[in-house]
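Hi everyone, thanks for making time for this. Please have the sequence and the picture ready, and we'll walk through them together.

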Amino acid sequence: MPMATLADVLHRFGAAYLAQRRLSTPQAKAWRAILACRTAALGGHRVQCDTCGHSHAVYHSCRNRHCPQCGARAKDAWLQARLGEVLSVPYAHLVFTLPHALNALYGAHPHWVIDTLFACAAQTLKEFAADPQWLGGTPALSLVLHTWTQDLQRHLHVHGVMACGALTDDGEWQVPRRSPSFLFPVHALSRVFRGKFMAALEHARQGHTLPRDPQGTQGEWNRRRRKLYRHDWVVYAKTPMGGPAQVLSYLARYTHRTAISNERIVRIDAQHVAWRVRADPHGGKRIVKLDGVEFVRRFVLHVLPTGIKRIRHYGLLAPTVKRIGLAKVRAALAMPTANARAIESVQAFMQRVAQQDIAQCPVCQHGRLRAVAVLPALKRLPDPYLQVYPIRSTCHRPPATGPPGENA
């Protein structure tokens, strides 16, 4: 039985959802891309075995960042690009979470909320790192945006991976003063993070930069403000074990993850979608069953607005100072100079990661598959309820040959 996919969910329940709600432009683009991914809609080429004559079509991927089928190669390319940046020191995993009381503001002003979340989390970590009580230097850290919970509810947070140490002004690497794997107290991080975000929120209100805030009246503003100050905001910290390779693998779990992967979808029936969610911290799973239209509604909540960068780098990893900063750290740690990264072909990638030789004939197992014809892309998706969203050329551009951008 074929595995259920997110595209199957959109095919099954998309008409009912679109009868009730409209899609934003980014949501429509992601919707089109997911349905068209690796189908005749995006075109491709026909391959034929040079031994037995077997022939089949190979269709293009959509490369949309919300598509669960398109993350593996982008993640691996990003991972390889980071090889020269990992330091021979322990790393900490940190999570900064916004209270759900800000979800309505995010719905109205997503760019402001996301940019402020990144800025406040990064400023908090950099200020603690600069304090001589803790490190007294410049840190190396990356932050990755997630907007979901396991059951696809809205949950705004950033995952961070930070080297346990900092580069001082005199070019020395300062290890954490309390212990090699301890960075900062999470309760203090939480209070400073909350203070910075609330100050930014008040400044935005005074500057009239949030005109669509659904809680913008004075009474609603005050109630939300009291609610946001009532509790400490959640900041989580954990030190991953292992060497640099495990650090990279750990970070890669978060960089190109989508809200729901095809592997988690268990089944689709006439009315419902069932999928796996985490049941406990030890890897246990449970099944969640939800009305199909509601599942679609929750998924489109996590389609990011155009222009949002999910991965951002700060301190020694900031794009403007990274080359010089990392060279100083490697000198301080007596690390060898990083080797140039070799870019793999798609065939080599599939052979290494999936142990799959994509050029081998699947029928005779001996011949090699050769491209014999180009299959042009369709101008419109065949589904009648998607005719209002014609495919644009950005959905079927050729595969990338290099790594994604620094803040991709």
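Let's start with the largest nonpolar core, and keep in mind that this is a predicted model. This core has 46 residues, and the ones that touch the most other members are Leu98, Met162, Phe184, Phe193 and Leu201. Where do its residues come from? At least two each are supplied by β3 (91–97), α4 (103–108), α5 (110–130), β4 (140–148), β5 (154–163), α6 (186–206) and α7 (218–230). The top contributor is α5, which gives 11 residues.

Now find Met162. If we skip neighbours within four places in sequence, the contacts of Met162 include Pro90, Tyr91, Leu125, Leu135, Leu141 and Phe184.

There is also a second, separate core, with 39 residues, among them Ala36, Cys62, Trp275 and Val277. As general background, nonpolar side chains tend to be buried together in soluble globular proteins.

Next, a sheet. Three strands make up an open sheet, ordered β2-β1-β13, with antiparallel pairing. Why does one side of β2 (55–59) and of β13 (369–375) have no neighbour in the sheet? Both stand at the edges and have a single partner strand each, so one side is left free of a neighbour there. From one strand to the next, the twist averages 30°. Strand β1, residues 44–49, is joined to β13 by six bridges, and if you look at His45, you'll find Val374 of β13 opposite.

Finally, let's zoom out to the chain. It has 408 residues, 45% of which count as buried, and it holds 11 helices and 13 strands. Of the contacts between residues at least 6 apart in sequence, 71% join residues at least 24 apart.

Note on methods:
Residues are numbered from 1 along each chain as its sequence is written. This is a predicted model: local features need pLDDT of at least 70, side-chain atom pairs count only at pLDDT 80 or more; totals for chains, interfaces and linings use all residues. Side-chain values use heavy atoms; hydrogens and water are left out. A nonpolar core is a set of buried Ala, Val, Leu, Ile, Met, Phe, Trp, Tyr and Cys residues joined through side-chain atoms within 4.5 Å. Buried means under 20% relative accessible area, exposed over 50%, partly exposed in between (1.4 Å probe, protein chains only). Helices (H or I, at least four residues) and strands (E, at least two) are DSSP runs, numbered from the N terminus. Contact means heavy atoms within 4.5 Å. Two strands pair if DSSP finds at least two bridges between them. Axes are lines fitted to C-alpha atoms, for helices over the stretch in contact, and angles run from 0 to 180 degrees between N-to-C directions.
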